[in-house]
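Welcome, and thanks for taking a look at this one with us. Please open the viewer and keep the sequence at hand while you read the briefing below.

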Amino acid sequence: MRTSTRLAALAVSAAAAITLNSGTAAAATVNWKEVNTNSNWHCSAWERHWAASGPDEGNYNFKPCIVVNSSGGAQGVLVVQNASIYQKMLVKGAVRFPSSDAAGQTLCAESVINNPFTRGCFGPTKNVGCGYSPGVEVYVYVKVDGEWKEDSYAIASVPMPC
């Protein structure tokens with residue numbers, strides 16, 4: 001990764017962390033919803049959250065997705081899954097297209113995700129036209145031992161079906 005790309009990613013991560021941890025209302029906050037995927041969903045592989053995926057804990061999994069439609073719309077989604085031995089996982093997060101400014105990101109409300117559920121935090125649909133969607137970055141925070149632990153992941157652009 002080029003230095004300028006790494007610095008930009010670090011700045012975005014810092015901005016997301018500051019916004020999420022300060023409670024600033026600079027971005028829309030949405031609740032988690034049930035996830036039902038189909039051929040319009042393009043997702044990365046599941047990623048295990050580094051702070052809560054040891055052999056004794058099981059898995060707190062997450063992944064970024066891009067949902068596309070035939071009208072040139074693309075929507076970023078943060079998907080989380082509680083596949084751990086714990087009944088409940090306290091989680092919050094953010095989802096954004098990197099081409100958007102930090103204030104345009106969608107924050108995912110602090111919520112309990114019960115085992116064995118999978119839930120999604122849906123960003124707004126952006127009209128991107130034909131060609132390729134922008135990539136999506138997601139940030140997920142899991143509360144472990146009373147502290148929020150951050151992890152992040154991204155998915156590259158996907159072809160639009162128009």
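Which residue forms a salt bridge with E147? The partner is K149, and the closest N and O atoms of the two side chains are 3.5 Å apart. Please keep in mind that this is a predicted model. The points below go through its sheet, its cores, its disulfides and its salt bridges.

**The sheet**

- Five strands make up an open sheet with mixed pairing, in the order β1-β8-β7-β10-β11.
- The edges are taken by β1 (28-30) and β11 (147-155); each has a single partner strand, so one side of each is left without a neighbour in the sheet.
- From one strand to the next, the twist averages 20°.
- Strands β7 (residues 88-96) and β10 (residues 136-144) run antiparallel and are joined by six bridges.
- If you would like a landmark in this pairing, try V91, whose bridge partner in β10 is V142.

**The nonpolar cores**

- The largest nonpolar core has 23 residues. Those with the most contacts inside it are W32, I66, L78, V80, M89, V91 and V136.
- Two or more residues of this core come from each of β5, β6 (73-84), β7, β8 and β10.
- Strand β10 gives the largest share, five residues.
- V91 turns up here again, and its surroundings are worth a visit in the viewer. Leaving aside neighbours within four places in sequence, V91 is in contact with W32, V80, A109, E110, S111, I113, V140, Y141, V142 and W148.
- There is also a second, separate core of seven residues, which includes V35, W41, C65 and V77.

**The disulfides**

- The structure holds two disulfides.
- One of them joins C43 to C65, with an S to S distance of 2.0 Å. The link of C43 and C65 is right-handed, with 110° about the S-S bond.
- C43 lies in strand β3 (residues 41-43) and C65 in strand β5 (residues 58-68), so this disulfide ties together parts that are 22 residues apart in sequence.
- The two ends of this link sit in contrasting settings: C43 is partly exposed, at a relative accessible area of 33%, whereas C65 counts as buried, at 0%.
- A disulfide also joins C108 to C121, with an S to S distance of 2.1 Å. The torsion about the S-S bond of C108 and C121 is about -90°, so that disulfide is left-handed.
- This pair links distant parts of the chain, 13 residues apart: C108 is in strand β8 (residues 106-114) and C121 in strand β9 (residues 118-127).
- C108 is buried, with a relative accessible area of 3%, and C121 is buried as well, with 0%.

**The salt bridges**

- The count comes to two salt bridges.
- R96 forms a salt bridge with E137, and the closest N and O atoms are 2.9 Å apart.
- R96 in strand β7 and E137 in strand β10 are 41 residues apart, so to speak of distant parts of the chain being linked is apt here.
- Buried or exposed, where do R96 and E137 fall? R96 is buried, and so is E137.
- In the salt bridge of K149 and E147, K149 is partly exposed, with a relative accessible area of 21%. E147 is also partly exposed, with a relative accessible area of 48%.

Terms used
Residues are numbered from 1 along each chain as its sequence is written. This is a predicted model: local features need pLDDT of at least 70, side-chain atom pairs count only at pLDDT 80 or more; totals for chains, interfaces and linings use all residues. Side-chain values use heavy atoms; hydrogens and water are left out. Two strands pair if DSSP finds at least two bridges between them. Helices (H or I, at least four residues) and strands (E, at least two) are DSSP runs, numbered from the N terminus. Axes are lines fitted to C-alpha atoms, for helices over the stretch in contact, and angles run from 0 to 180 degrees between N-to-C directions. A disulfide is a pair of cysteine sulfur atoms within 2.5 Å. Buried means under 20% relative accessible area, exposed over 50%, partly exposed in between (1.4 Å probe, protein chains only). A nonpolar core is a set of buried Ala, Val, Leu, Ile, Met, Phe, Trp, Tyr and Cys residues joined through side-chain atoms within 4.5 Å. Contact means heavy atoms within 4.5 Å. A salt bridge is a side-chain nitrogen of Lys or Arg within 4 Å of a carboxyl oxygen of Asp or Glu.
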